[in-house]
Protein chains: 2
Amino acid sequence: MDPMPAVEEAPRAPGRPRSLRVDEAIISATLDLLAEGTSVEVLSIESIASRAGVGKATIYRRWPGKDALLHDALATLKSPGPELAGESVRDDLIALLGQVGPSTQDPRLPQILPCLLPHMSRSKEHYRAYQDIIEPRRNRVREVLRRGVANGELRADLDVELTMTVLIGPILVQRVLRWHPDLDADKMPAQVVDLLMAGMGPAQS
Amino acid sequence: MDPMPAVEEAPRAPGRPRSLRVDEAIISATLDLLAEGTSVEVLSIESIASRAGVGKATIYRRWPGKDALLHDALATLKSPGPELAGESVRDDLIALLGQVGPSTQDPRLPQILPCLLPHMSRSKEHYRAYQDIIEPRRNRVREVLRRGVANGELRADLDVELTMTVLIGPILVQRVLRWHPDLDADKMPAQVVDLLMAGMGPAQS
DNA sequence: TCATTACGAAACGGCACAGGTTCGTATCGC
DNA sequence: GCGATACGAACCTGTGCCGTTTCGTAATGA
């Protein structure tokens with residue numbers, strides 16, 4: 001079960017040390033395959049080894065099985081807070097929503113996460129790991145919205161939880177599913193935020 | 001390639017006729033498996049036969065392979081227009097968005113479609129079939145929005161295509177991915193529509 | 001009744017690929 | 001050098017599906 005304490009006490013090194021290159025190659029290959037659309041079910045140690053240019057034994061020497069490897073690979077993506085916030089709620093939201101797409105960090109993340117969800121829903125264990133990745137990102141948006149409500153930039157009776165989903169949902173759907181052929185996912189953060197700020201009702205201001 | 005003209009000329013019936021029950025069982029088993037999360041890649045004739053309580057030969061007698069069967073199974077879901085429209089844009093939108101979820105028709109549809117998309121994106125052939133199912137539904141929403149713009153219920157400069165995605169995206173994400181644990185997907189249509197009508201900016205009316 | 005076709009079940013050979021292990025070689029500290 | 005460990009490649013064994021065929025039985029029309 002235990003993944004890989006990496007550097008534990010590290011006093012002894014009796015034989016040939018493990019290659020860090022190999023570690024990275026395995027993790028990276030795993031994420032690559034997921035990002036390319038390989039479902040968790042289909043994902044195999046063999047395909048990972050092949051993609052990483054590594055023997056299967058090398059993987060089994062580090063992880064007991066696919067689940068453990070997957071867990072560690074996902075943990076890699078747990079970036080804390082990717083973007084800094086500015087001063088206006090609108091700009092902050094746009095910045096945060098932009099990261100739903102081609103994030104500043106790992107560009108594979110947005111491809112991977114949604115495809116993972118069906119699988120995660122079945123395992124309490126995996127769902128935890130998944131939540132650990134998702135929740136911090138949601139919190140960023142939540143905080144910005146609350147700030148807006150507090151300082152009057154947003155309406156006082158705003159349903160924050162609902163609004164979060166209305167902000168993120170469309171962009172997620174577009175990025176991952178290419179839901180609508182005519183929309184440019186890169187422009188959507190600004191468009192969605194502006195649409196929600198103004199509302200779709202007839203102009204009042 | 002040709003799936004099953006069902007009733008073609010139908011003058012001859014030399015032997016025992018094919019059971020309609022069996023047709024339904026096969027199609028239904030296919031959709032069930034998909035709805036349960038079986039990806040298209042993993043889906044096998046063998047599993048379908050087993051689920052349907054049918055011999056594999058019976059399936060191969062009707063369809064040349066998995067693709068053809070899948071195509072026909074999806075065609076089953078092509079319901080034309082499930083709901084009737086009322087008089088207010090708000091109510092019509094809520095009605096249409098409600099069908100994104102537990103549709104009046106086949107409850108498996110919302111589970112199936114999104115999981116299919118990755119696979120569909122790879123095959124021009126399948127993508128067509130997929131579009132045939134999706135597009136009519138999108139059109140319903142599009143028409144309601146245009147009507148609203150025309151009669152002044154919605155702002156004149158509304159980006160209809162964007163708005164469609166902002167309406168559908170959150171509900172889709174919630175229903176399929178259970179994106180947000182605290183939201184009730186059944187109530188979301190009304191909530192989303194109202195939020196978008198009012199906007200999240202400070203109250204102006 | 002009899003020919004004809006459909007049915008479920010089972011079995012077929014073939015194939016692909018999975019999970020794991022073995023083996024000769026490469027790389028480390030000493 | 002030496003023991004110890006990591007490495008990639010090749011290998012072994014099992015599983016599962018495919019597509020097809022065979023079987024005994026059931027349902028139809030003539």
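**Chain A, overall**

I looked up the secondary structure of chain A first and found 9 helices and 0 strands. Helices here are DSSP runs (H or I, at least four residues), strands are E runs of at least two, and both are numbered from the N terminus. From that terminus on, the elements read α-α-α-α-α-α-α-α-α.

A note on what I am reading: this is a predicted model, in which local features need pLDDT of at least 70, side-chain atom pairs count only at pLDDT 80 or more, and totals for chains, interfaces and linings use all residues. Residues are numbered from 1 along each chain as its sequence is written, chains are lettered from A and ligands numbered from 1 in the order in which they are written, and side-chain values use heavy atoms, with hydrogens and water left out.

I checked burial next. Of the 205 residues in chain A, 47% are buried (under 20% relative accessible area; exposed is over 50%, partly exposed in between; 1.4 Å probe, protein chains only). The accessible surface of chain A is about 10,500 Å², and carbon and sulfur atoms hold 52% of that surface. The areas come from the Shrake-Rupley method with a 1.4 Å probe; for residues, only the protein chains shown count as cover.

I also looked at contacts (heavy atoms within 4.5 Å). Among those in chain A between residues at least 6 apart in sequence, 62% join residues at least 24 apart.

**Two copies**

I laid chain A on chain B. The RMSD is 0.2 Å, after a turn of 180° and a shift of 0.0 Å along the axis. The two copies are therefore related as by a two-fold rotation axis. The superposition is by least squares on the C-alpha atoms of residues with pLDDT of at least 70 in both. Which residue of chain A comes closest to the rotation axis? I found G199(A), with its C-alpha at 1.7 Å. The same surface serves both copies, as 100% of the contact residues of chain A recur in chain B.

**R155(B)**

I found R155(B) in the loop between α7 (124-151) and α8 (160-177) of chain B. R155(B) is buried, at 17% relative accessible area. Its side chain makes a polar contact of 3.1 Å with the side chain of D157(B). A polar contact is a pair of N or O atoms within 3.5 Å; within protein, one must be able to donate a hydrogen and the other to accept it, and residues adjacent in sequence count only if both atoms are side-chain atoms. A polar atom of the R155(B) side chain also lies 3.3 Å from the backbone oxygen of A198(A).

**DNA strand C**

I counted 24 residues around DNA strand C; R16(A), K56(A), R16(B), T58(B) and R62(B) come nearest. Near means a heavy atom within 4 Å. Sugar and phosphate make up 64% of the strand C atoms within 4 Å of the protein. R16(A) has a polar side-chain atom 2.8 Å from a base nitrogen of strand C. E46(A) places a polar side-chain atom 3.3 Å from a phosphate oxygen of strand C.

**DNA strand D**

I found 23 residues around DNA strand D, with R16(A), T58(A), R62(A), K56(B) and Y60(B) the closest. The side chain of T58(A) has an N or O atom 2.6 Å from a phosphate oxygen of strand D. For R62(A), the corresponding side-chain distance to a phosphate oxygen of strand D is 2.2 Å. Which element gives the most to the surface near strand D? I found α3(A), with 4 residues.
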